[in-house]
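Biologist: I'd like to learn how to read a structure feature by feature. Could you walk me through one?

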Amino acid sequence: MPTMTVSTSAILDKAQIVRFINGATNALSQAAKVPKEHVHIHLNHGQIMTWGGRLGGEDGAPHTAQIRILCLQDLAKEVKLAIITGVLESLPGVPKASTQFYFEGCNDDQIAIDGLLLPDLIARD
């Protein structure tokens, strides 16, 4: 169940958002070997962000993005690189040189859906 939070200074239109969500969902689903229905994405675009002390997308500075990926399983280096590549290919207007990824793992009992901790939800369903 990968969850991805993306914050970017780039302002995306509806079509770009849909393409990004679809591309990133496919990349996470394939790399983490989970159904698309288990991928959750939170996109914050048009954010005030800096990269190296410069405002992203202002005064000639490139846009920037910070991407946090939370997974229940530890991801091998190859899986992380596949996710990075797929997400970067999908994210418009932000150069990879000003995009930071952060991978974080957690236990299944640290996530709740439908008011139940994940192990209890799985047992119920």
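Modeller: What follows is a short tour of strands, core, charges, cysteines and backbone angles. Keep in mind that this is a predicted model.

Biologist: Let's begin with the sheet. In which sense do strands E5 and E6 pair, and over how many bridges?

Modeller: A general point before the case: in a regular strand the side chains alternate between the two faces of the sheet. Here E5 (residues 65-71) runs parallel to E6 (residues 99-105), with 7 bridges between them. The chain gets from E5 to E6 by way of helix H2 (residues 77-90), and this β-α-β crossover is right-handed. To find the register, start from Gln66: its bridge partner in E6 is Gln100.

Biologist: And the core? Which residues have the most contacts inside the largest nonpolar core?

Modeller: The general idea is that in soluble globular proteins, nonpolar side chains tend to be buried together. The largest nonpolar core in this model has 22 residues, and those with the most contacts inside it are Met4, Phe20, Ile67, Ile69, Ile83 and Val87. Strand E1 (3-8), H1, E5 and H2 are the elements giving two or more residues to this core. H1 provides the largest share, 5 residues.

Biologist: Pick one of those for me. What does Phe20 touch, leaving out residues up to four places away in sequence?

Modeller: Phe20 touches Met4, Val6, Ile41, Leu43, Val87, Ser90, Leu91 and Pro92.

Biologist: Now charges. How many salt bridges does a search of the whole structure find?

Modeller: The idea is that side chains of opposite charge can pair when their charged atoms come close. The search of the whole structure turns up 2 salt bridges. One joins the side chains of Glu104 and Arg68, at 2.7 Å from N to O. Since Glu104 sits in strand E6 and Arg68 in strand E5, the pair ties together parts that are 36 residues apart in sequence. Glu104 is partly exposed at 28% relative accessibility, and Arg68 is also partly exposed, at 34%.

Biologist: What about Asp114 and Arg124: how do their side chains meet?

Modeller: In a salt bridge, again 2.7 Å from N to O. Asp114 is in the loop between E7 and E8 while Arg124 is in helix H3 (residues 118-124), so this pair ties together parts 10 residues apart in sequence. Arg124 is partly exposed, with a relative accessible area of 48%.

Biologist: On to cysteines. How many disulfides does the structure hold?

Modeller: A disulfide is a covalent bond between the sulfur atoms of two cysteines. The structure holds 0 of them. For Cys71, the nearest cysteine sulfur is that of Cys106, 8.5 Å away.

Biologist: Why is there no bond between Cys106 and Cys71?

Modeller: Because their sulfurs, 8.5 Å apart, are too far from each other for a bond. Cys71 is buried, at 2% relative accessible area, and Cys106 is buried too, at 13%.

Biologist: Last topic, backbone angles. What is phi at Lys33?

Modeller: As background, most residues other than glycine have a negative phi, and most peptide bonds are trans. Lys33, which is not a glycine, has a positive phi near 55°. Lys33 sits in the loop between helix H1 (14-32) and strand E2 (40-44), and this lysine is exposed, with a relative accessible area of 72%.

Biologist: And Asp114: what is its phi, and where is that residue found?

Modeller: Asp114 has a positive phi of about 60° although it is not a glycine. That aspartate is found in the loop between strand E7 (112-113) and strand E8 (116-117), and at 53% relative accessibility Asp114 counts as exposed.

Technical notes: Residues are numbered from 1 along each chain as its sequence is written. This is a predicted model: local features need pLDDT of at least 70, side-chain atom pairs count only at pLDDT 80 or more; totals for chains, interfaces and linings use all residues. Side-chain values use heavy atoms; hydrogens and water are left out. Two strands pair if DSSP finds at least two bridges between them. Helices (H or I, at least four residues) and strands (E, at least two) are DSSP runs, numbered from the N terminus. A crossover is right-handed if, with the strands pointing away from the viewer, the path from the first strand over the helix to the second runs clockwise. Buried means under 20% relative accessible area, exposed over 50%, partly exposed in between (1.4 Å probe, protein chains only). A nonpolar core is a set of buried Ala, Val, Leu, Ile, Met, Phe, Trp, Tyr and Cys residues joined through side-chain atoms within 4.5 Å. Contact means heavy atoms within 4.5 Å. A salt bridge is a side-chain nitrogen of Lys or Arg within 4 Å of a carboxyl oxygen of Asp or Glu. A disulfide is a pair of cysteine sulfur atoms within 2.5 Å.
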